[in-house]
Amino acid sequence: MNKTDLVNVVSQETELKKKDVEAVLNATLDAIMNAVKEGDKVQLIGFGNFEVKESAEREGRNPQTGETIKIAASKRPAFAPSKVFKDAVNG
């Protein structure tokens, strides 16, 4: 399912116009992205948590040459599904 499919499903379920659903979805995604970008944890009860995970600087190897390289520290967005979400997926 992609974003267009999601907009269509929500539009059918709520009987709202597709453009209104898309506007709400875009605003929701922007709010989540901005909060996580600022370092906040976004917790949606019954769905899951969005947060920033940090990885420390580490050494790695170039697979083509075998040369040791330094991989810089970085931040990445992470999602952890709730127990309700996991249970729904597992039946």
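These legends go with a set of close-up views of a predicted model.

**View 1. Helices H1 and H2 cross at an oblique angle.**
Start with the helix pair: H1 covers residues 3–14, and H2 covers residues 18–37. Their axes come within 9 Å and cross at roughly 120°. That angle is over 115 but not over 145 degrees, so H1 and H2 are oblique to each other. As for handedness, H1 passes H2 in a right-handed crossing. On the H1 side, the contact uses Lys3, Leu6, Val7, Asn8, Val10, Ser11 and Thr14. H2 answers with Lys18, Val21, Glu22, Leu25, Asn26 and Leu29. Sorted by character, the residues of this contact come out as six nonpolar, four polar and three charged.

**View 2. Ser11 is a buried residue of helix H1.**
Here we zoom in on one of the H1 residues in the contact with H2. Ser11 has a relative accessibility of 10%, and the cut-off for buried is under 20%, so Ser11 counts as buried. Leaving aside residues up to four places away in sequence, Ser11 touches Leu16, Lys17, Lys18 and Val21. Two of these names, Lys18 and Val21, also turn up on the H2 side of the helix contact.

**View 3. Glu15 sits in the loop between H1 and H2.**
The backbone is the thing to look at here. Most residues other than glycine have a negative phi. Glu15 is not a glycine, yet its phi is positive, at about 60°. Is Glu15 buried or exposed? Its relative accessible area is 74%, and exposed means over 50%, so Glu15 is exposed.

**View 4. Strands S1, S2 and S5 make an open antiparallel sheet.**
Three strands line up in the order S1-S2-S5. The edges are S1 (42–44) and S5 (74–81), each of which pairs on one side only. On average, neighbouring strands of this sheet are turned by 30° against each other, direction ignored. S2, residues 48–55, pairs with S1 over three bridges. With S5, strand S2 pairs over eight bridges, again in the antiparallel sense. For a landmark in the S2–S5 pairing, find Val52: its bridge partner in S5 is Pro77.

**View 5. S1 and S2 form a hairpin.**
This view moves in on one end of the sheet order, where S1 pairs with S2. Three residues lie between the two strands. Gly46 is in the turn, with a positive phi of about 85°. Two pairs help you find your way along the strands: Leu44 has Gly48 in S2 as its bridge partner, and Gln43 stands opposite Asn49.

**View 6. Asn49 of strand S2 is buried.**
What does Asn49 touch, not counting residues up to four places away in sequence? Its neighbours are Lys41, Val42, Gln43, Leu44, Ala78, Phe79 and Ala80. Gln43 is also the residue that stands opposite Asn49 across the S1–S2 pairing. The relative accessibility of Asn49 is 18%; buried means under 20%, so Asn49 counts as buried.

**View 7. S3 and S4 form a second hairpin.**
Strand S3 runs over residues 58–61 and strand S4 over residues 68–71. They pair in the antiparallel sense over four bridges, and Glu59 stands opposite Lys70 in S4. How many residues lie between S3 and S4? There are six, and Gly66 in the turn shows a positive phi of about 80°. Also look for Thr65, which is found in the loop between these strands. Thr65 has 54% relative accessibility, and exposed means over 50%, so Thr65 counts as exposed. To place the loop against H1, take Glu13: its C-alpha atom is separated from that of Thr65 by 54 Å, with the two residues 52 apart along the chain.

**View 8. Lys86 lies in helix H3.**
The last close-up goes to H3, residues 83–89. Lys86 has a relative accessible area of 45%. Partly exposed lies between under 20% and over 50%, so Lys86 is partly exposed. The C-alpha atoms of Lys86 and Glu22 are separated by 26 Å, and these residues are 64 apart along the chain. Glu22 is one of the H2 residues in the contact with H1, which takes us back to the helix pair.

Methods: Residues numbered from 1 in each chain as written. Predicted model: local features only at pLDDT ≥ 70, side-chain atom pairs only at ≥ 80, totals over all residues. Heavy atoms only, no water. Pairing = 2+ DSSP bridges. Axes fitted to C-alpha atoms, helices over the stretch in contact; angles between N-to-C directions. Parallel < 35°, antiparallel > 145°, perpendicular 65-115°, else oblique. Left-handed = near helix turned anticlockwise from the far one by under 90°. Contact = heavy atoms within 4.5 Å. Nonpolar A, V, L, I, M, F, W, Y, C, P; charged D, E, K, R; others polar. Buried < 20%, exposed > 50% of the residue type's maximum accessible area, 1.4 Å probe, protein only.
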